[in-house]
Structure formats: structure tokens, C-alpha cells
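Welcome to a short tour of a protein model. Have the sequence and the 3D view at hand, and follow along at your own pace.

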Amino acid sequence: MKKLILALLLVSSSVFAQKITATSWLVADGEGNVIESVNANQQRSIASITKLMTVMAVLDHGQDLKEKIGKFTREQLIQLAIIKSDNKAAATLCNNIPGGRV
């Protein structure tokens, strides 16, 4: 769970400068302390556990987040996959991780 929180923190930290359009969101540190949130107590279903796991695999492999894959950086693709729930971004990440497609 701590890895997931840290991954979301890494991805979300660069998003703070941009307008967040999600109805509910939360950023926490590695200890689970909430840094910032909106509607965090509203119960909602998770958008896509597969997208989250794809991003975790990218982060666990230590891939360069600034590397361009097509016209986007890996970091931008992560943001699209998690924040916008973009299937194509998640597929691109998966296609560019060692052993990502079996």
C-alpha cells in the first residue's frame, strides 16, 4: 500500500501546478498522512486497478520518466493513464516496459 501511495504522490506532485479536474482525489505521503485532498471521504469505485498496476510496474522498473515515447514523455503517459484514465496511455506504458506484454 505504501508503494501505491508513493507512486501516486510522485505522479500527482507535478499535477498540483495544473488544474485538477477529478471530482475526488487525495495525495498522501509514505506514512499515509494526507497532504492535500478534495472530496476524499466520498465513496467511489476505483477507475482501473489495471492502470494503477501498470504505473506501479513502470515505477518499480525505475524507467526514465523524462524519456519520450512517441510524442509524450513516460511521465506524461503516467498522468494520462491515472488522472485521465486513458487506455491508450496505459497500453503504451505497458508496451514499453521489459516483459510488459506476454
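Let us begin with contacts along the chain: among those with a separation of 6 or more, 42% join residues that lie 24 or more positions apart. Please keep in mind that this is a predicted model.

**The overall layout**

The protein chain holds four helices and four strands. Reading from the N terminus, you will meet them in the order α-β-β-α-β-β-α-α. The chain has 102 residues, and 31% of them count as buried.

**A hairpin of two strands**

A good place to start looking is the pair formed by strand 1 (residues 25–28) and strand 2 (residues 34–38), which run antiparallel and are joined by four bridges. One of the pairings to look for is Leu-26, whose bridge partner in strand 2 is Ser-37. Together the two strands make a hairpin, with five residues between them. In the turn sits Gly-32, with a positive phi of about 90°.

**Two residues with positive phi**

Gly-32 is a glycine with a positive phi, but a positive value also turns up in Asn-39, which is not a glycine. Ser-85 is another non-glycine residue with a positive phi. The table puts Asn-39 and Ser-85 side by side.

| Residue | Phi | Place | Relative accessible area |
|---|---|---|---|
| Asn-39 | near 50° | loop between strand 2 and helix 2 | 37% |
| Ser-85 | about 55° | loop between helix 3 and helix 4 | 29% |

Are these residues buried or exposed? Asn-39 is partly exposed, and Ser-85 is partly exposed as well.

**Helix 3 and its cover**

Ser-85 follows helix 3, so let your eye move back to that helix. Helix 3 spans residues 74–83 and is mostly covered, with seven of its 10 residues buried. The buried residues are Arg-74, Glu-75, Leu-77, Ile-78, Gln-79, Ala-81 and Ile-82.

**Salt bridges**

How many salt bridges does the count come to? The answer is two. Both Arg-74 and Glu-75, which you have just met among the buried residues of helix 3, take part in one. Glu-75 pairs with Lys-66, and their closest N and O atoms are 2.7 Å apart. Lys-66 itself is exposed, with a relative accessible area of 56%; it counts as exposed because this value is over the 50% cut-off.

In the other salt bridge, the side chain of Arg-74 meets that of Glu-67 at 3.0 Å, N to O. Arg-74 has a relative accessible area of 3%, and it counts as buried because that is under 20%. Its partner Glu-67 is partly exposed, at 37% relative accessibility.

**Where helix 2 meets helix 4**

Two packed helices are described by the angle between their axes and the distance between the axes. Helix 2 (residues 49–60) and helix 4 (residues 87–95) pack at an angle of about 35°, and their axes are 10 Å apart. The crossing of helix 2 past helix 4 is left-handed.

Which residues in helix 2 and helix 4 meet? Helix 2 brings Lys-51, Thr-54, Val-55 and Val-58, while helix 4 brings Asn-87, Ala-90, Leu-93 and Cys-94. By type, the residues of this contact divide into five nonpolar, two polar and one charged.

Methods
Residues are numbered from 1 along each chain as its sequence is written. This is a predicted model: local features need pLDDT of at least 70, side-chain atom pairs count only at pLDDT 80 or more; totals for chains, interfaces and linings use all residues. Side-chain values use heavy atoms; hydrogens and water are left out. Axes are lines fitted to C-alpha atoms, for helices over the stretch in contact, and angles run from 0 to 180 degrees between N-to-C directions. A crossing is left-handed if the near helix is turned anticlockwise from the far one by less than a right angle, and right-handed if clockwise. Contact means heavy atoms within 4.5 Å. Ala, Val, Leu, Ile, Met, Phe, Trp, Tyr, Cys and Pro count as nonpolar, Asp, Glu, Lys and Arg as charged, and the others, Gly among them, as polar. Buried means under 20% relative accessible area, exposed over 50%, partly exposed in between (1.4 Å probe, protein chains only). Two strands pair if DSSP finds at least two bridges between them. A salt bridge is a side-chain nitrogen of Lys or Arg within 4 Å of a carboxyl oxygen of Asp or Glu.
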